Amino acid sequence: MAAPDTGGWFPALAVGVSLLKCLFINAYHSTDFEVHRNWLAITHSLPVSRWYYENTSAWTLDYPPLFAWFEFGLSHVARHFDRNMLLVENLNYASASTVLFQRLSVIATDVVFIFAVRECCRCVQEQKGSRDILSRPSFVLASLLLYNFGLLIVDHIHFQYNGFLFGFLLLSVAKHLQSQHLQGALLFSILLNLKHIYLYVAPAYGIYLLRSYCFTQDNRDGSVRWTSFSPLRLLALGTIVVSVCALSFGPFIVMGQLSQVLSRLFPFQRGLCHAYWAPNVWALYNVLDKILAVLGVRLKLLEEAELPRASMTGGLVQEFQHSVLPSVSPSVTLVCSLLSILPALVSLWLRPRGARGFLRCLVLCSLGSFMFGWHVHEKAVLLAVLPLSLLAVESREDAGVFLVLSTTGHYSLFPLIFTPAELPIKVVLMLMFSIYSFTALRKLHSGPVLRPLETVYLLGLFAVAFACEVVFPLSPWQRELPFLPLLATSVYCSVGVCYSFLRLYAGLLRCEDSGEKSKLQ
Amino acid sequence: MHTWSLVSICVLLGVAVRWGVSLNSYSGAGKPPMFGDYEAQRHWQEVTYNLPVQEWYFNTTDNDLNYWGLDYPPLTAYHSLVCAYIAKMINPEWVELHKSRAYESPAHKLFMRATVLVADLLIYIPAVVLYCLYLTDGSSRKKVSTLFCFLLYPGLILIDYGHFQYNAVSQGFALWGILALGLGWDALGSMAFSLALNYKQMELYHALPFFCYLLGKCVKTGLTGRGFFMLVRIAVTVLVSFALCWLPFLSDPSQALQVVKRVFPVARGLFEDKVANTWCSLNVLIKIRFILSRDSQLYLSLVCTLLAVLPSSIKLLTKPDFWQFKLALANSSLAFFLFSYQVHEKSILLAALPVCLLLNDLPLVVVWFLQASTFSMLPLFLKDGLLVPYVVTSAGFLFFSIYLLSALERCTEDELRLGAYHKLLFFLPKMDLACMMRWKFYVSIAAMAGLSVASVALVPPPHLPDLFPVLVSVTAFLHFLGTFLYLNIVQFSRPPTRKSQKKIN
């Protein structure tokens, strides 16, 4: 397919969003700012052997080694801004030049993301006859990705390096779409060694590469031809993955610190749900439990004294003891997550539908683990929203799912930015992104993409927003039930996320059906 | 994409940029004893809320006029009063008499910034949207591009949301006036402009074109017939709006006189600080302030200003159409800025508004001028700690206005209206003026960028501590003078023909 010319409008979009990010330099930043400052200090001033042992700050290094090296590289630039930020004992240090450097580092490393978006735009199928720039799929895709509301507020207000990391993910997806599988695999293994949360989508990569790259041919009915297995390709893939991991973890294995590193990377002592409940199945489960408990007490089926003391009243919920329903352990969540992604993986194996089928499976994997995972952050929804953008510009069905998922997922990020000064920014950016995605996708697919009920549900978000941000602070419940807005937000949003998950699966199965039928005919 | 969604995205982006700028520092933050414009506005809330109207403009025991006394017309005072009522509801400490002096807190900053945004959203932004949709030529895409650039003009954003002022209110009223005149609702337009005048006396920069346009239109209709009634209607509208604004001060002539005295402080001198107008730039060569008496300074500036506004006003009187009106507004406000008495560097915003109206007609020159106007306030921005927003918004504005309005492509001699120059410069060999213009633009942008970097990074030599501010203001002055001459020539050359307009569309 011919690469659409991205001359002109793409740089304009990229420059525009980068400048917009620069305006948020003085905005509120969360403790993640201090986390990354601390990591800069650790990697800069301590020998490698101490990196994963250092614990002066509570925010110990808990990303894989490549990310530590990334911070190490940044720290050499940071030196020229303010040396004091590189001292480990300078806790909560945030001078003006430190803030400037850290913010600029996020904006600068987003170049990876911008590059990846450009590569993705090149893989999009252009519609014939649409000469208007604004309604070209590649333009819409670039806007949806570059101006993604979640990335803007999580990276440039809340403070994280997700843009840089998602850059690797999208770049690797783009490489697969361009059938450059080895490069894609290389990028993904680098990504895994930067941040291990991407393990969630690793199954999709594994199955896809094994099925569609290592086996070079299919039988006539589309099933795998076992004889076409290419050991050479497997060897190449294996070499890439193993060498990247060796580069990253090797030094720590040599120093005998592997168990220490792993214990930092996978801290299972955290609770089922993150401080703010992510809008997933467990949020619904918790609420169901609460409702049952209240009902039980009302109907005299349960003794109030017997119930474990509800820890929900604290607002910031770390541990949650269920009163009626059985409590959930990490292993249960693991099993649930695996079960939820299993059908998608099986389908990817049995009926590989090229790189797009892989992309769909990747979205299902990230959404499945988001729905059932242990201690999921609400930010993790971006892992599904961003790749789904690629599908949304190509099919009407996916566009509908994308609108529901992105709107609810983005709205569930609202509690992340709770300071009043940043309230207008989050509202305005959210409105901007939503208006754009709704009108652009509608225009792109020339007709409405949402079903009536979905529209009603999404309009309901306005009511929730109004109730949580305006009515609630003025109501008498604010004292007694401070957690109520968070609860309402995550429950309402989790309905939308669950629905998108199911609809995405339904789409997959329907594809399968129609595939069968067409074959039968 | 529907126009409404593009327009709403533009407006939302404009709001996001405004709010992003407002997260930065404001003038006089934490700088006793006088602080800055932020404290002035807060102090006015305190004064108007706690004192009776009769004391607002007088020096009393409770109202020390030397500490940010009210020196704007009544509408500003009423606006302060409204804000003060809201402030009182949120936190009474913010407007407590005497005790609240120099009150600063994050919550208060948020409140003050929000008042600016609300005023902007209610008055300025709708006017800009309507102007761009109804009074600019071209496809809807073109209109939206113009709107986008208009809303993102950095000067106004940085002064209102960074430095802290309410220029959007007076400029918004003026724009409503222009809009109404453009749509043919003359009485409504004159009312809106009266409100603008009563919010900020500096709106007088725009008064002459309004007057000439309306008078010229009445004369054209026939002063003995319908034109007379039109004139009377407009005059009555203006008088009534003024009377309503000044109602509390009309009972006692001394009251009204005191307000006028406060609003026009003649005693403050020919110019203050470094401002990019004629007098300050001339000051580098001749120290006028020490040669002439204060009265002769006043007369000199008055005569120069009148001479400078005369051509464009006469042209407008004889040919009162909207195109001439826009040009006359720009010319008149530039003339006032360049030659009048007691000009502030922020007054360039008054010239920037009418120049913005020409965004779609003369993109290159307009963008160039607007950039220079933002640049002329650089020393102020540096004092207020607004370096990052200045750089970001200027770069963004320059990039997007040139890209979206295709400013560098739309510059043939015809489109730049350079025809008249060939007649004026008949003695020179014929040359490609459009190309020269483009190169001057590049050189000037480079010079402004270089001077910005130098002001930030270099330390001036000890015997010339004001080197960079003076260089900045002289450079900006040259730009303003050039634009003034250019726009005057455009006003006197042929109006844009249908054919060339078609081509632009």
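User: How many aromatic pairs are counted over all chains, and what makes two rings a pair?

Analyst: In this predicted model, the count comes to 60 aromatic pairs over all chains, where two rings are taken as a pair if their centres lie within 6.5 Å. One aromatic cluster is formed by A:F33, A:W39, A:Y63, A:F67, A:F70, A:F159, A:Y161, A:F164 and A:F168.

User: What makes the charged end of A:R233 count as sitting over the ring of A:Y213?

Analyst: The charged end of A:R233 is 4.5 Å from the centre of the A:Y213 ring, and the rule asks for CZ of Arg within 6 Å of the ring centre and within 35 degrees of the ring normal. The charged end of A:R211 likewise sits over the ring of A:W349, at 6.0 Å from its centre.

User: Why is B:V232 called partly exposed?

Analyst: B:V232, which is found in helix α10 of chain B, has a relative accessibility of 36%; buried means under 20% and exposed over 50%, so B:V232 counts as partly exposed.

User: Which element gives the largest share of the nonpolar patch that includes B:V232?

Analyst: The patch covers about 930 Å², with B:V219, B:L223 and B:F228 also among its residues, and its largest share, six residues, comes from α10(B).

User: How do you know whether chain B agrees with a compact globule?

Analyst: A compact globule of 505 residues would have a radius of gyration near 23 Å, and chain B has 23 Å, so the two agree. Buried residues make up 59% of chain B, whose secondary structure comes to 24 helices and zero strands.

Conventions
Residues are numbered from 1 along each chain as its sequence is written. Chains are lettered from A and ligands numbered from 1 in the order in which they are written. This is a predicted model: local features need pLDDT of at least 70, side-chain atom pairs count only at pLDDT 80 or more; totals for chains, interfaces and linings use all residues. Side-chain values use heavy atoms; hydrogens and water are left out. Patches are made of residues with over 30% relative accessible area and no salt bridge: like charges are joined within 9 Å, nonpolar side chains (Val, Leu, Ile, Met, Phe, Trp, Tyr) within 5 Å. Accessible areas come from the Shrake-Rupley method with a 1.4 Å probe; for residues, only the protein chains shown count as cover. A salt bridge is a side-chain nitrogen of Lys or Arg within 4 Å of a carboxyl oxygen of Asp or Glu. Helices (H or I, at least four residues) and strands (E, at least two) are DSSP runs, numbered from the N terminus. Buried means under 20% relative accessible area, exposed over 50%, partly exposed in between (1.4 Å probe, protein chains only). Rings of Phe, Tyr and Trp (its six-membered ring) pair if their centres lie within 6.5 Å; planes under 30 degrees apart count as stacked, over 60 as edge-to-face and the rest as tilted. The radius of gyration is taken over C-alpha atoms; the globule rule is 2.2 Å times the number of residues to the power 0.38.
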